[in-house]
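The following paragraphs lead the reader through one structure, from a single turn outwards to the whole chain. Please keep the sequence and the coordinates at hand while reading.

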Amino acid sequence: MFGWTLTDLPGVDYTMVTTSEDGIESGLGGLAEVTGLRPSAANGIVPYIRPEDFERTLAAVEVAGGEVLIPKTDVMGYGWFAHFRDPDGNIVGLWEDAPQEGSPAGENH
């Protein structure tokens, strides 16, 4: 209906969603469950943001009165995610793509 491309990840209950030609992506499923962790929220959607500095963002969450629920966790080599609860009780996710092969950024992870 929207022209999106859906790609199931093999062996897990997670689907990658490409929503536009410029590569805007999302996903459907539970990242916590995919990595064998317990989910942070029983129901509902967890919005994800891509921080400029993952670790600094998690530290800032705690300084601001939030709580890290799932620390930075590898997702089968695709990237890393984390969940936190903000001071108002909302669950928010962070996402960082794994560097592309040959990328110098790969040396930092």
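In the hairpin formed by β5 and β6, four residues lie between the strands, and one of the residues to examine there is M76, whose phi is positive, near 50°. The model is a predicted one, and this backbone angle is accordingly a property of the predicted coordinates. M76 is not a glycine, although its phi is positive at about 50°. Most residues other than glycine have a negative phi. M76 is placed in the loop between β5 and β6. Is M76 buried or exposed, or does it fall in between? M76 counts as partly exposed because its relative accessibility is 39%, and the partly exposed class lies between the limits of 20% and 50%.

The two strands of this hairpin pair in the antiparallel sense, over five bridges. Within that ladder, D74 stands opposite W80 in β6.

The hairpin belongs to a wider arrangement. β5 and β6 are part of an open sheet of four strands, with the order β4-β7-β6-β5 and mixed pairing. Its edge strands are β4 (48-49) and β5 (67-74), each of which pairs on one side only. Helix α2 packs on the sheet, where it touches β5, β6 and β7, and the direction of α2 makes about 165° with that of β5. At the other edge, β4 and β7 run parallel and are joined by two bridges. Here Y48 stands opposite G93 in β7.

Which residues make up the largest nonpolar core? This core has nine residues, namely F54, L58, V61, W80, A82, F84, V92, L94 and A98. The elements that contribute two or more residues to the core are α2 (54-63), β6 (79-85) and β7 (91-97). W80, the residue opposite D74 in the β5-β6 ladder, is thus met again as a member of this core. Such a grouping accords with a general tendency: in soluble globular proteins, nonpolar side chains tend to be buried together. V92 offers a closer view of the surroundings of one core member. Leaving aside neighbours within four places in sequence, V92 is in contact with V46, P47, A82, H83 and F84. Of these partners, A82 and F84 are themselves listed in the core.

Two loops around the sheet deserve attention. D53 is found in the loop between β4 and α2. D53 counts as partly exposed because its relative accessibility is 28%. D53 and E96 are 43 residues apart in sequence, yet their C-alpha atoms are 9.1 Å apart in space. The second loop, between β6 and β7, holds P87. P87 is classed as exposed because its relative accessible area is 56%, and the limit for that class is over 50%. Which residues does P87 contact beyond its neighbours within four places in sequence? The partners of P87 are A64, G65 and G66. For P87 and G66, a separation of 21 residues in sequence goes with a C-alpha to C-alpha distance of 4.9 Å.

Towards the N terminus there is a further hairpin. Strand β1 (residues 5-8) and strand β2 (residues 14-18) pair in the antiparallel sense over four bridges. The bridge partner of L6 in β2 is V17. Five residues lie between β1 and β2 in this hairpin, and G11 in the turn has a positive phi of about 80°.

The chain as a whole can now be set out. It has two helices and seven strands, and from the N terminus on the elements run β-β-β-α-β-α-β-β-β. Buried residues make up 28% of the 109 residues. The accessible surface comes to about 7500 Å², of which 51% belongs to carbon and sulfur atoms. Among contacts with a separation of 6 or more, 33% are between residues 24 or more positions apart.

How far the coordinates may be relied upon remains to be considered. The mean pLDDT of the chain is 78, and 69% of its residues reach 70 or more. Among the elements, α2 has the highest mean pLDDT, 95, and strand β3 (residues 25-29) the lowest, 62. Over residues 103-109, pLDDT stays under 50, and the model has six contacts beyond four places in sequence for this segment. Where pLDDT is low, the predicted coordinates should not be read in detail.

How values were computed. Residues numbered from 1 in each chain as written. Heavy atoms only, no water. Core = buried A, V, L, I, M, F, W, Y, C linked by side-chain atoms within 4.5 Å. Buried < 20%, exposed > 50% of the residue type's maximum accessible area, 1.4 Å probe, protein only. Contact = heavy atoms within 4.5 Å. Areas by Shrake-Rupley, 256 points an atom, 1.4 Å probe, with all protein chains shown as cover. Pairing = 2+ DSSP bridges. Axes fitted to C-alpha atoms, helices over the stretch in contact; angles between N-to-C directions. pLDDT = per-residue confidence, 0-100.
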